[in-house]
Amino acid sequence: MAGIFLTFEGGDGSGKTTQINRLVAWLESRGQTVVLTREPGGTDLGVELRNLVMHRKGFIAPRAEALLYAADRSHHIHTLVRPALERGDIVVQDRYLDSSVAYQGAGRVLDPDEVRELSLWGTERLMPDLTVLLDVPASVAKARQAAEDRDYDRLEAEAEDFHTRVRESYLALAEAEPERFLVVNGESPIEEIHQVIITRVSDLLG
Ligand code: TYD
């Protein structure tokens with residue numbers, strides 16, 4: 001495909017939003033056409049699914065939760081991301097299938113390979129050109145979130161031990177695919193992280 005597909009991953013409170021906004025501003029200042037989007041919730045259908053899966057009170061069966069995220073992803077990739085990549089745009093996306101493997105797999109109920117395969121089926125096996133993983137210890141992320149003073153969604157409210165497993169899962173994914181992943185220490189200064197990211201993205205732009 002003509003475009004470039006960049007995804008950001010990391011725990012809640014890892015600083016993804018700040019780095020995504022900086023990267024998008026940098027790309028646009030270089031004259032690139034950027035589509036900024038996210039999962040869950042990058043489409044109209046996705047907004048409905050996002051509300052269901054993140055804010056619904058009460059139990060959602062683990063496989064149902066995985067299917068809801070996968071449904072959001074499938075529709076998002078089909079209707080928004082693939083068309084943008086075919087036009088030659090740069091897609092910068094907050095979370096993709098690695099989130100499902102890390103979060104839905106971290107409950108220890110679902111097999112991470114099956115979770116990944118479900119998303120690959122849903123997206124006709126679209127993989128990012130680059131995935132930036134902002135790595136921070138669960139305790140740091142939690143402290144940052146507490147400072148934000150807002151309502152927690154279902155997954156954010158999980159115990160610290162859950163978030164530690166999410167982090168370990170992300171690091172294992174990055175180790176398994178070192179070419180696709182750029183792992184950055186999320187505790188470094190914002191500007192330093194930005195420089196590391198744009199250096200890598202510059203290589204991709206050629
Ligand atoms: P969001 O507010 O978009 O995340 P953040 O701002 O922290 O990046 O919330 C997305 C939540 O959904 C987050 O807790 C991670 C979770 N999630 C999954 O569990 N599986 C998935 O496949 C995706 C995309 C997100």
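Read along the sequence, the protein runs through the pattern β-α-β-α-α-β-α-α-β-α-α-β-α. The model described here is predicted. In total, 8 helices and 5 strands were assigned. The C-alpha atoms occupy a box of roughly 45 × 35 × 30 Å along the principal axes. The radius of gyration is 16 Å, which agrees with the value near 17 Å for a compact globule of 206 residues. Of the 206 residues, 49% count as buried. Among the contacts with a separation of 6 or more, 77% are made by residues 24 or more positions apart.

The exposed surface of the protein amounts to about 10,100 Å², and carbon and sulfur atoms supply 51% of this area. The side chains include 23 positive and 35 negative groups. The centres of these two sets lie 2 Å apart.

Aromatic rings were examined next. A search of the whole structure found 3 aromatic pairs. One of them is formed by F5 and Y96, whose rings are edge-to-face, with 5.2 Å from centre to centre and 70° between the planes. This pair links distant parts of the chain, since F5 belongs to strand β1 (residues 4-10) and Y96 to the loop between β3 (90-94) and α4 (97-106), 91 residues apart. F5 and Y96 are both buried. A single aromatic cluster is formed by Y103, F162 and Y170.

The loop that holds Y96, between β3 and α4, also contains R95. The phi angle of R95 is near 75°, a positive value in a residue other than glycine. R95 has a relative accessible area of 11% and is therefore buried, the cut-off being under 20%. A positive phi, near 65°, is also found at R125, again a residue other than glycine. R125 is placed in the loop between α5 (112-122) and β4 (130-135). With a relative accessibility of 48%, R125 counts as partly exposed. A further backbone feature is the cis peptide bond that joins E39 and P40, with omega at about -5°. P40 is located in the loop between β2 (34-38) and α2 (44-55).

Three residues in helices were considered individually, beginning with the N-terminal helix. W26 is part of helix α1 (residues 16-29). The relative accessible area of W26 is 16%, so this residue is buried. Leaving aside residues up to four places away in sequence, W26 touches H194, I198, V201, S202 and L205. H194 is 168 residues from W26 along the chain, yet the C-alpha atoms of the two are separated by 9.6 Å.

Helix α8 (residues 190-205) includes I193. I193 is buried, with a relative accessible area of 4%. When residues up to four places away in sequence are not counted, the residues touched by I193 are Q19, L134, V184, N185, G186 and S188. Of these, Q19 is a partner that falls within the range given for helix α1, residues 16-29. L134 is another partner of I193, and its number lies within strand β4 (130-135). I193 and L110, by contrast, are 83 residues apart in sequence and 33 Å apart in space, taken from C-alpha to C-alpha.

L173 is located in helix α7 (residues 160-176). A relative accessible area of 12% places L173 among the buried residues. Outside the residues up to four places away in sequence, L173 touches D98, V101 and F181. Two of these partners, D98 and V101, have numbers within the range of helix α4 (97-106). L173 and L133 are 40 residues apart in sequence, and their C-alpha atoms are 9.9 Å apart in space.

Conventions. Residues numbered from 1 in each chain as written. Predicted model: local features only at pLDDT ≥ 70, side-chain atom pairs only at ≥ 80, totals over all residues. Heavy atoms only, no water. Helix = DSSP H or I, 4+ residues; strand = E, 2+ residues; numbered from the N terminus. Rg over C-alpha atoms; globule rule 2.2 N^0.38 Å. Buried < 20%, exposed > 50% of the residue type's maximum accessible area, 1.4 Å probe, protein only. Contact = heavy atoms within 4.5 Å. Areas by Shrake-Rupley, 256 points an atom, 1.4 Å probe, with all protein chains shown as cover. Lys, Arg positive; Asp, Glu negative; His and termini not counted. Charge placed at Lys NZ, Arg CZ, Asp CG, Glu CD. Phe/Tyr/Trp six-rings, centres within 6.5 Å; stacked < 30°, edge-to-face > 60°.
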